[in-house]
Amino acid sequence: MYSQEDLKKLNGRVKTIVIITAVIFIGFLIAAIYVAVNNAQWLGQLILIIGVCIDIFIWGIKVTPTLCYRGFVKEILTGLSRTEQGRVISISNEPVYKDNRLFYYEVLIMQDDGTQRILLLDVYKNAQDLREGAKYDFKIHDNYIIDYVEV
């Protein structure tokens, strides 16, 4: 499910958003300096404040979630993983916000020894393939599903 290609795409997306944010900041900085030198200093400060606010907004809305997801994918690709087998009991209909980072579908499985376990499936990956009642081999990292194969 996860590959180095996913990581490359995320790195490209982060680079693009950071460049756009830097260009916006530099544009507002140049405009603020020009206005402050030629007109009123307070107007230059106002333009600079607006530029900084726009950059903080873009950083919070676009860059931070993308950086979190990139870190998650990097951790999945480089971390230790194990395989567990279980029958899918239920899959949440709506994604849930977990670990103060990302959205996941909760997948409740029943293992062969009778224990139930909640695994987390990335909202950006295809959850339609999982069927309730079917038995799968889940490749997991912590409680995150990396890959799965029906048994």
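Is Glu150 buried, exposed or partly exposed? With a relative accessibility of 41%, Glu150 counts as partly exposed. Please keep in mind throughout that the model on display is predicted.

**Stop 1: Glu150 and Arg131**

Select Glu150 together with Arg131, whose side chains meet in a salt bridge with an N to O distance of 2.1 Å. Glu150 belongs to strand S6 (residues 144-150) and Arg131 to the loop between S4 and S5, so this pair ties together parts that are 19 residues apart in sequence. Arg131 is partly exposed, its relative accessible area being 44%.

**Stop 2: Glu84, Arg117 and Arg82**

The salt bridge just visited is part of a set: the search of the whole structure finds four. Select next Glu84 and Arg117, which form a salt bridge whose closest N and O atoms are 2.6 Å apart. Because Glu84 sits in strand S1 (residues 82-91) and Arg117 in strand S4 (residues 116-122), the pair ties together parts separated by 33 residues in sequence. Colouring by accessibility shows Glu84 as buried, at 15% relative accessibility, and Arg117 as buried too, with a relative accessible area of 18%; the cut-off for buried is under 20%. Now add Arg82 to the selection: Arg82, Glu84 and Arg117 are joined into one network by salt bridges that share partners.

**Stop 3: Asp112 and Lys135**

Move to Asp112 and Lys135, where a salt bridge joins the two side chains at 3.0 Å, N to O. Asp112 lies in the loop between strand S3 (102-111) and S4, while Lys135 lies in strand S5 (residues 135-141); the pair links distant parts of the chain, 23 residues apart. The two partners fall into separate accessibility classes: Asp112 is exposed, at a relative accessible area of 57%, and Lys135 is partly exposed, at 22%.

**Stop 4: the nonpolar cores**

Display Val107, Leu130, Phe138 and Ile145 as sticks. Within the largest nonpolar core, which has 14 residues, these four touch the most other members. Strands S1, S3, S4, S5 and S6 are the elements that give two or more residues to this core. Centre the view on Ile145 and show its surroundings: beyond residues up to four places away in sequence, Ile145 touches Met1, Tyr2, Val107, Leu119, Leu120, Leu121, Phe138, Lys139 and Ile140. Apart from this core lies another, of 12 residues, including Leu7, Ile76, Leu102 and Tyr144. In soluble globular proteins, nonpolar side chains tend to be buried together.

**Stop 5: the nonpolar surface patch**

Turn to the helices and select Phe25, Ile26, Ile30, Val52 and Ile56, which form a nonpolar patch on the surface with about 440 Å² of accessible area together. Helix H1 (4-38) and helix H2 (41-78) each supply at least two of the patch residues, and H1 gives the most, with three. Ile30, found in helix H1, is exposed, with a relative accessible area of 55%.

**Stop 6: Val18 and Trp59**

What does Val18 contact beyond its neighbours within four places in sequence? Select Val18 in helix H1, and the contacts to display are those with Trp59 and Val63. Draw a distance between the C-alpha atoms of Val18 and Trp59: they are separated by 8.1 Å, although the two residues are 41 residues apart along the chain. Val18 is partly exposed, with a relative accessible area of 33%.

Methods
Residues are numbered from 1 along each chain as its sequence is written. This is a predicted model: local features need pLDDT of at least 70, side-chain atom pairs count only at pLDDT 80 or more; totals for chains, interfaces and linings use all residues. Side-chain values use heavy atoms; hydrogens and water are left out. Helices (H or I, at least four residues) and strands (E, at least two) are DSSP runs, numbered from the N terminus. Buried means under 20% relative accessible area, exposed over 50%, partly exposed in between (1.4 Å probe, protein chains only). Patches are made of residues with over 30% relative accessible area and no salt bridge: like charges are joined within 9 Å, nonpolar side chains (Val, Leu, Ile, Met, Phe, Trp, Tyr) within 5 Å. Accessible areas come from the Shrake-Rupley method with a 1.4 Å probe; for residues, only the protein chains shown count as cover. A nonpolar core is a set of buried Ala, Val, Leu, Ile, Met, Phe, Trp, Tyr and Cys residues joined through side-chain atoms within 4.5 Å. Contact means heavy atoms within 4.5 Å.
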